[in-house]
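Got the structure loaded and your selection tool ready? Let's take a walk through it, one stop at a time.

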Amino acid sequence: MTTNVEVSGPRHGRRDPVSPTPRRSLRLGRLDIKYSPYLFVAPFFLLFAVFGAYPLVYTAVLSLRKNTLTGGDQGFVGFENYTKVLTDEHFWTVIGNTFGLFIISTVPQLIFALMVASWLNKKMRARTAIRMGVLIPNITSVAAVGIVFGLIFADRYGLANWLLQSVGLDAVEWRNHRWSSWTAIAFMVDWRWTGYNALIYLAAMQAIPKELYESASLDGASAVRRFWRITVPLIQPTILFTVIISTIGGMQLFTEPLLFNYGRIQGGSLNEFQTVAMYIYETTFTNNFNVGRGSAISWLLFLIILVFALINFLLVRRSVRGQTQ
Amino acid sequence: MSFTSRRVRSVAAAALTVGLALGMGACSAKKDNAGSDGSTGGPVTISLSYFGTPGFTQAVKDFEAANPNIKVDIKNEGQTKDFVPKLAQQLSAGSGASDVVMLEEGMLLQYLKDNKPFANLLDLGASSLESEYLPFKWKNAFTADGKKLVGLGTDVGPLAMCYRSDLFQQAGLPTDRDAVSKLWPTWDDYVKQGEVFKSKNLKATWLDSATSVMQPYIMQNSDTWFYDKSDKYIGDTNPVVKKAYDLGLDMASKGLTSKLARWSTDWDAAFKNAAFATVPCPPWYTGVIKERAGDAAKGKWDIATIPGGGGNWGGSYLAIPEQSKNKKAAFELIKFLTGKQGGIDAFKEAGPLPSSQSALADPQIAGATNDYFNNAPVGKIYVDAAKTLKPIYLGPKHQALWENAFEPAMQAAEQGKLTAQAGWDKAIKDSKALAEG
Amino acid sequence: MSTMTPTKPATRPAPAPKRPGRVRSASAALWDASPLTYLALILTIVLSIFPIVWSFIVASRDNSAVTDIPPPLTPGGNFFSNAQRVLENTDANFVYGLINSAIVAGCVTLSVVFFSTLAGFAFAKLKFRGKNALLLVIIMTMMIPTQVNIIPLYLLMVKLDWTNTLQAVIVPFLVKGFGVFMIRQYAESAISDELIEAARVDGASTWRTYWSVVLPALRPAAAVLGLLTFMETWNDFLWPYVVLNGDTPTVQVSLNILATGYYKTDYVQVFTGTALAIVPLLIVFIAFGRQIIGGIMEGSVKA
């Protein structure tokens with residue numbers, strides 16, 4: 001229901017002939033009611049047009065031209081940039097990395113956030129302090145997280161390996177394998193975002209009438225069953241919301257993998273953890289300064305996000321519906 | 001409740017108004033000196049963009065003292081990789097670039113090809129300065145047709161070999177720098193000594209990374225690398241590139257390298273933990289080692305000559321963008337910074353070796369010693385090495401080809417993720433694709 | 001911070017016990033946190049604060065602390081001398097970075113909260129043609145990755161001659177699709193249609209309804225949005241890094257200069273910088289965290 005907006009008023013005609021509140025007959029009031037909504041939303045759209053829509057369109061224009069930062073604009077080339085990108089295996093590597101990183105960071109993150117939220121959704125001492133403690137990673141900057149975790153996950157002298165070795169495991173060369181680098185990066189992302197999502201879920205959980213749980217409990221439903229049968233279905237819109245937000249964030253992942261490898265845009269010697277966003281930066285701002293191709297990748301990224309968000313939307317909606325029925 | 005909300009609201013309104021006003025006011029405090037032009041006769045302010053640590057602070061003060069009509073606004077742009085994209089954007093946009101910009105060698109090479117955004121220093125009076133600079137440095141900043149000079153050289157990076165004398169002692173190798181230099185006249189000798197070192201089973205390895213030998217080996221044995229002189233990609237056919245690659249990976253397979261990625265945190269820490277015994281080092285690298293190895297290693301590092309003799313790593317130029325409105329004053333500044341006094345100031349401040357011949361001859365540089373490196377006569381070692389440097393043609397995208405395509409593939413092979421052959425194939429494929437862009 | 005004013009009900013009493021009529025005994029077993037819950041939460045919190053605490057510990061010691069194994073767990077005595085070293089570092093310009101970040105985050109927060117409540121209210125409670133389509137556009141704007149727009153946005157800044165000024169990091173971010181969406185979601189449930197109607201019946205204009213009725217009711221959500229916006233702006237890295245230089249840095253740009261430049265190996269300076277960059281947010285967080293969480297609770301009860 002969160003995303004459905006009821007359309008008001010008739011589709012045709014200047015105004016509703018049967019006004020629900022006939023007292024509003026003053027001309028000024030009518031104008032106010034008719035145009036104020038537009039005035040209220042106008043600032044957003046005006047500013048967005050200049051600093052959001054125009055650059056997006058301009059990126060599309062650039063993607064159809066041969067253009068480098070050092071050599072300038074060299075004319076229209078149609079879809080050449082796109083075909084070059086799509087036939088380059090490098091592009092598919094970074095697509096794979098981006099999706100892989102997204103999945104292995106988002107899935108545990110949201111599950112853990114749900115768990116934390118259900119723990120927080122209890123009567124307890126020092127409630128505010130505990131909630132703040134959970135949210136605190138979110139107030140640190142990505143740059144700081146990258147710097148600090150880069151050292152925690154240093155191969156030979158890092159804390160993570162020290163911990164592994166002190167429980168008898170082998171040290172991991174974090175940046176040398178796909179799985180290990182993904183794990184480390186997912187850890188950084190999850191560290192920063194789990195608490196935030198947990199609080200969003202908590203807010204939604206608080207809205208569920210407690211009587212539902214109490215009667216379910218009286219009917220003998222276990223805690224796990226109550227969680228899956230009551231909590232999850234009822235906070236479905238919120239889950240959908242966090243999934244979409246995480247998708248958008250995950251597809252744009254940039255700073256963490258960059259700082260994880262000490263600012264190297266290639267993300268590992270075989271591009272093991274280079275994301276699409278890093279590939280855009282590498283293409284546009286280093287090497288050949290290829291603005292045209294960078295713009296083409298940008299647009300592809302944008303389209304992927306749109307499609308992926310849509311799929312998410314449908315999947316989450318369906319699965320949560322399934323739970324309720 | 002309603003009282004509270006009203007109060008809150010009025011405070012909010014006030015805060016909003018004040019905040020926005022403050023914001024807009026504060027935020028419109030613009031850079032004040034963007035377009036002061038020299039014709040008014042008053043003092044001119046020019047801007048200077050640099051990256052890394054060229055040691056310009058004192059030199060700029062000296063320049064301002066000598067030129068009271070010129071003020072210099074110094075801009076620290078961070079690292080090379082931060083500055084490269086920013087400068088490219090400013091140049092393509094036609095505004096925003098500083099009056100004087102520092103160009104690392106790799107950047108200069110790119111801009112020799114796309115040289116439109118830069119002023120010809122010959123038109124500003126540089127032609128009389130030729131004898132001031134090391135010949136190869138002077139020559140390297142000309143466009144292919146030899147008609148346009150894009151930059152003047154600040155520093156050069158002649159190579160030596162830094163080594164840890166404490167590890168040498170434990171391995172039973174000589175520790176005196178002259179005796180150490182005699183251990184390795186050639187790279188084969190260097191590898192042999194590495195195997196001796198390895199046989200002593202110390203915790204340390206011989207060299208930090210297989211990629212460290214590429215630069216010196218190629219520079220010593222060829223006058224080209226990835227490009228021939230007509231800018232055609234020859235990385236796949238240049239025999240010296242393959243030889244250097246094989247030399248590095250051979251050392252890796254013998255267990256002589258630490259397999260560390262240069263400039264990584266682990267590599268930083270390895271200095272402190274004495275994890276390797278030798279590393280090729282240009283003058284600016286002495287600061288790199290000192291920073292990383294820390295006070296505890298003071299006196300344990302020393303400097304010998306490099307196997308094979310010669311080779312240059314790094315070094316920058318100063319150039320003037322065509323968009324500058326104060327080219328004359330800008331030229332005065334780069335003349336000063338790359339000249340004798342500027343070179344000496346920078347050397348004393350941060351350690352880069354100037355390309356100005358008169359600065360190199362000055363006892364403040366030629367006679368300098370470095371107490372961190374066991375009082376090694378760094379001045380003499382590096383000035384001697386600088387005089388033997390010969391030009392190598394690197395070509396427009398050398399830096400990107402090396403850093404972003406070749407080096408990662410070579411590292412992957414060193415770390416065992418690829419076979420030596422597969423690593424080579426990837427290095428060539430990627431660098432070629434990049435060169436043909 | 002003045003930006004947080006709308007969230008601070010100075011005279012409000014401590015939250016009263018909710019739903020006094022509830023049968024406590026029946027729900028106690030269900031709702032009281034078990035020791036296991038406490039343990040799980042404490043572990044979560046330890047994991048959450050450890051990296052932050054660790055950077056403060058390193059920041060109070062010397063360079064060897066970074067690679068010491070096992071890691072030092074107690075602070076040393078050098079924090080203030082380290083902090084002084086960072087603040088006096090002329091390349092990083094840390095003091096300017098802090099001031100600039102405060103200005104930028106303050107401006108952006110005020111503006112985002114104002115425009116978001118305005119538009120969010122309209123989308124949630126007002127009737128107008130094209131609402132569906134416009135809301136869809138807002139949701140779509142949330143899906144535009146920052147990276148996609150960096151190049152043209154930079155070129156735009158150059159055209160406006162705004163590079164290296166604070167406008168460049170403020171003006172493009174005065175509105176946020178997320179803010180509008182979030183407020184709209186909140187307003188849907190938190191503001192009853194009857195409330196709006198009542199205001200209308202009293203003859204209040206739409207603006208007056210917004211200002212006197214809606215805005216106060218939206219306070220909790222606006223506070224959360226404000227805090228999130230402030231933190232996000234304070235912490236933003238990529239765009240300031242592209243459009244600003246070391247002369248007009250935000251604190252993250254200063255931090256980057258410390259972390260990647262010449263000082264890269266002076267870990268203590270880097271960690272001290274990291275700690276200093278976090279401190280202002282910690283203060284904001286500690287001062288307003290309670291209101292934020294209270295706001296979330298309040299909203300949920302109303303739903």
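What follows is a tour of a predicted model, going from whole chains to single residues.

**Stop 1: chain A**

Start by selecting chain A and hiding the rest. With a secondary-structure colouring, you can pick out 13 helices and two strands. The chain has 325 residues, and 49% of them are buried. How do the contacts within chain A spread along the sequence? If you take contacts between residues at least 6 apart in sequence, 68% of them join residues at least 24 apart.

**Stop 2: where chain A touches chain C**

Now bring chain C back next to chain A. Their contact takes 80 residues from chain A and 82 residues from chain C. Which part of chain A gives the most to this side? Select residues 27-63 of chain A: that is helix α1, and it gives the most, with 18 residues. Colour the chain A side by residue class and you get 51 nonpolar, 21 polar and eight charged residues.

**Stop 3: two loop residues in chain A**

Stay on chain A and zoom in on A:A126. You'll find A:A126 in the loop between α3 (89-120) and α4 (127-135) of chain A. Check its backbone: the phi of A:A126 is positive, about 50°, although this residue is not a glycine. What's the usual picture? Most residues other than glycine have a negative phi. Is A:A126 buried or exposed? It has 11 C-beta neighbours inside 10 Å, so A:A126 counts as exposed.

Next, select A:N271, in the loop between α11 (255-260) and α12 (276-285) of chain A. Here too you'll see a positive phi, about 55°, and A:N271 is not a glycine. As for its surroundings, A:N271 counts as buried because it has 22 C-beta neighbours inside 10 Å.

**Stop 4: chain B as a whole**

Switch to chain B. Its secondary structure comes to 19 helices and 11 strands. Along the principal axes, the C-alpha atoms of chain B fill a box of roughly 80 × 70 × 45 Å. Of its 437 residues, 54% count as buried. For contacts in chain B between residues at least 6 apart in sequence, 75% join residues at least 24 apart.

**Stop 5: where chain B touches chain A**

Show chains A and B together. This contact takes 23 residues from chain B and 22 residues from chain A. On the chain B side, try selecting α3 (80-93), α11 (265-272) and α18 (398-414), each of which supplies at least two residues. By class, the chain B side divides into 10 nonpolar, nine polar and four charged residues.

**Stop 6: a helix crossing in chain B**

Keep α11(B) selected and add helix α12, residues 283-293 of chain B. The two axes come within 7 Å and cross at roughly 80°. That angle is why α11(B) counts as roughly perpendicular to α12(B). To see who makes the contact, show side chains for B:D268, B:F271 and B:K272 on α11(B), then B:I289, B:R292 and B:A293 on α12(B). The tally by class is three nonpolar, no polar and three charged.

**Stop 7: helix α10 of chain B**

Select residues 239-253 of chain B, which make up helix α10. This helix has 15 residues and reaches 21 Å from its first C-alpha to its last, close to the 21 Å expected at 1.5 Å a residue.

Which residues of α10(B) are buried? Pick B:V241, B:A244, B:Y245, B:G248, B:L249, B:M251 and B:A252. They cover an arc of only 155° around the axis, so they sit on the same side of α10(B). Then turn the helix around: the face away from that buried side carries the exposed residues B:P239 and B:D246.

What covers the buried residues? The cover includes α8 (187-199), β7 (205-207), α9 (214-221), α18 and α19 (420-436) of chain B. Before you leave, click on B:G255, which follows α10(B) and has a positive phi, near 80°.

**Stop 8: a residue in chain C**

Finish in chain C with C:L282, found in helix α14 (residues 267-302). It has 15 C-beta neighbours inside 10 Å, so C:L282 counts as partly exposed. For a last distance check, add C:F121: C:L282 and C:F121 are 161 residues apart in sequence and 31 Å apart in space, C-alpha to C-alpha.

Methods:
Residues numbered from 1 in each chain as written. Chains lettered and ligands numbered in written order. Helix = DSSP H or I, 4+ residues; strand = E, 2+ residues; numbered from the N terminus. Buried ≥ 20, exposed ≤ 12 C-beta atoms within 10 Å, placed from the backbone. Contact = placed C-beta atoms within 7 Å. Nonpolar A, V, L, I, M, F, W, Y, C, P; charged D, E, K, R; others polar. Axes fitted to C-alpha atoms, helices over the stretch in contact; angles between N-to-C directions. Parallel < 35°, antiparallel > 145°, perpendicular 65-115°, else oblique. Expected span 1.5 Å × (residues − 1). Arc of directions from axis to C-beta.
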